[in-house]
Amino acid sequence: NISSSSGVKFRSAESTQRTMNELAQKRHEKAERKRAGTLLISMVCLALGVHFVTSESPMFFGGFYEVENGGEHGGGVNPHFQSLRSKEYGVVVPMEDEKQSAKGDIDGIDDLLKKDKDGDKGGGDGDRDDSELFDGNKYDDEENYLPPVEEEKFEEGEEYLIPVRYYSDIKSPRRRSDSPFFFHIPRCGGQTVKDIVGKCLGLSQASNMGVQEGHGNDPQLAVVNLKDARYVNVDTTSIPGIERAIRLGLTKSKMADLITSSLFHDAADLFTLEHQGRAFTMLRHPVERAVSMYYYRTRGENADIDPSVTLEDYARGEGIENNWLTRFLTDRMEGELLKEDLDNAMDILSRKFLIGFLDDGEESIARMMKYFGWTYAEDSTKKMLQEDCVKELIDDGTNRNIEGYELPKKGTQAYALISWQTQFDVKLYEYALGVFETQTKHWGTKARKKALKKKKGGK
């Protein structure tokens, strides 16, 4: 500082410059601290954002992956999400616009399965259509949200279930990877069912039709058009044909909307843990079925028994089948049947099958369509034609005996002999009537549900 003659002090030029430099340095340091603080806040926000996304977003959570729809015959995994697979979870999280509805359906399924396991304890709306939780194309789209199927564990005494373990239980939710399977019991309206599926609904089938015109030698699977219907070029009605279908990967291909066979145990080899079969069958009273078979084999277009063989002779052993259904369900094709075999057949029937009855065709076909997720065309004209086609086939039938016949009356020799040859199947049939009524809750039409409710006194 320099003092004037008046005693006033003032800064020299050098002192003023030093002061200005110090102020500039302080302003620079303050600005740097401000930028550092802003950067720190930004980093904290970024870290919180990343944490939120990885914890909540279905697209970035490492425990899940998204599956693309792969077209008409199955789907594949989007390569972009391939690295996001998780062996622990193996499920799919829905996209934002589907997440809430999908969660609701899954919760509903879990509640329904728990209710089935614990038993119906009453309450709620008696008219509720619980099958909506399993049914429809919507649920097919949400199949990927289910956990992976696990190998079923069987207790001691349940070994009879091991060969048929890849037929899914009727109470398990349907998956897109499942294949509808029709267990064709001869003379129980099976051809009518197949005509409804192929000619009325326009769906593709795997039976014995697709190998005609030399297609049984095709090196690859294909859908061929034959007799106004679509068939996969395999034969699922014979053991060699089933073996060929397995080699060609029939169930994995998803080419067949319905697989048909009378060989329940042999056809089980078509299915795997990942591609299971969902079974449906049509039943008929065993005595009626046996009489129908007699006339078919003695007077039908493909008769293989001399017409001179009487019904009594047939029932004594000249062609009659002994407890056909019980034997085919349990694979006990030879030897004497035991009560244990009947018990096992009952368990397999109720556990693995949606049941229909020939004399209740309209209701049975409606249940089959609901169980497999099949619907009529959206176009009103096409829908009307399909419905008329189904009704006509149910009323008129396919492959019926041309000649009319009467059933033997109770107390006659013929009736007694046939009843003896079908005694296990008769008990199985009577048991199936109860199973059919039980299945009404999930798969019956609204009219049948109301009728059942009224029958039970509105409880």
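Two residues are in contact when heavy atoms of one lie within 4.5 Å of the other. With that in hand, let us walk through this predicted model, beginning with a residue whose contacts reach well along the chain.

**Q421 and its surroundings**

Q421 belongs to helix α14. Setting aside residues up to four places away in sequence, Q421 touches A315, R316, G317, I320, E321, N322 and N323. One of these, G317, is 104 residues from Q421 in sequence, yet their C-alpha atoms are 8.7 Å apart in space. Is Q421 buried or exposed? Its relative accessible area is 8%, and buried means under 20%, so Q421 is buried.

**The overall picture**

Stepping back, the protein has 16 helices and 11 strands. It is 459 residues long, and 42% of them count as buried. If you take the contacts between residues at least 6 apart in sequence, 72% of them join residues at least 24 apart.

**How α14 meets α8**

Two packed helices are described by the angle between their axes and the distance between the axes. For helix α8 (residues 286-299) and helix α14 (residues 413-421), the axes come within 9 Å and cross at roughly 110 degrees. Angles of 65 to 115 degrees count as roughly perpendicular, and α8 and α14 are therefore roughly perpendicular to each other. On the α8 side the meeting residues are V287, A290 and V291, and on the α14 side they are Y415, I418 and S419.

Another residue of interest here is R400, in the loop between α13 (380-396) and α14. The C-alpha atoms of R400 and S292 are separated by 8.9 Å, although the two residues are 108 apart along the chain. Leaving out neighbours within four places in sequence, R400 is in contact with R187, I394 and D395. With a relative accessible area of 56%, R400 is exposed.

**Helix α11 and what covers it**

Helix α11 runs over residues 339-352, which makes 14 residues. From its first C-alpha to its last it reaches 20 Å, close to the 20 Å expected at 1.5 Å a residue. Its buried residues are D341, L342, N344, A345, M346, D347, I348, L349 and K352. What lies over them? The cover includes α7 (264-267), β10 (277-283), α10 (324-330), β11 (353-357) and α15 (423-443).

**Aromatic rings**

How many aromatic pairs does the model contain? The count comes to 18. One of them joins Y167 and F264, whose rings are stacked, with 4.5 Å from centre to centre and 15 degrees between the planes. Y167 lies in the loop between α3 (136-141) and β5 (179-183) while F264 is in helix α7, so this pair ties together parts that are 97 residues apart in sequence. Both Y167 and F264 are buried. Ring pairs also link Y167 and F264 into a cluster with F181, F183, F271, W324, F328 and F353.

Elsewhere, a ring has a charge for company: the charged end of R367 sits over the ring of F436, 3.8 Å from its centre.

**H184, beside W324**

W324 of the aromatic cluster is also a contact of H184. H184 sits in the loop between β5 and α4 (190-200). Beyond its neighbours within four places in sequence, the contacts of H184 are G190, Q191, K194, T260, S261, S262 and W324. H184 has a relative accessible area of 16% and is buried.

**Two positive phi values**

Finally, two loop residues deserve a look for their backbone angles. K227 has a positive phi although it is not a glycine, and D331 also has a positive value in a residue other than glycine. Their particulars are set out below.

| Residue and phi | Loop | Relative accessibility |
|---|---|---|
| K227, about 55 degrees | between β7 (223-226) and β8 (229-235) | 58%, exposed |
| D331, near 65 degrees | between α10 and α11 | 45%, partly exposed |

The loop that holds D331 leads back to α11, the helix whose buried residues are covered in part by α10.

Definitions and conventions:
Residues are numbered from 1 along each chain as its sequence is written. This is a predicted model: local features need pLDDT of at least 70, side-chain atom pairs count only at pLDDT 80 or more; totals for chains, interfaces and linings use all residues. Side-chain values use heavy atoms; hydrogens and water are left out. Helices (H or I, at least four residues) and strands (E, at least two) are DSSP runs, numbered from the N terminus. The expected span of a helix is 1.5 Å times one less than its number of residues. Buried means under 20% relative accessible area, exposed over 50%, partly exposed in between (1.4 Å probe, protein chains only). Rings of Phe, Tyr and Trp (its six-membered ring) pair if their centres lie within 6.5 Å; planes under 30 degrees apart count as stacked, over 60 as edge-to-face and the rest as tilted. A charge sits over a ring if NZ of Lys or CZ of Arg is within 6 Å of the ring centre and within 35 degrees of the ring normal. Axes are lines fitted to C-alpha atoms, for helices over the stretch in contact, and angles run from 0 to 180 degrees between N-to-C directions. Angles under 35 degrees count as roughly parallel, over 145 as roughly antiparallel, 65 to 115 as roughly perpendicular and the rest as oblique.
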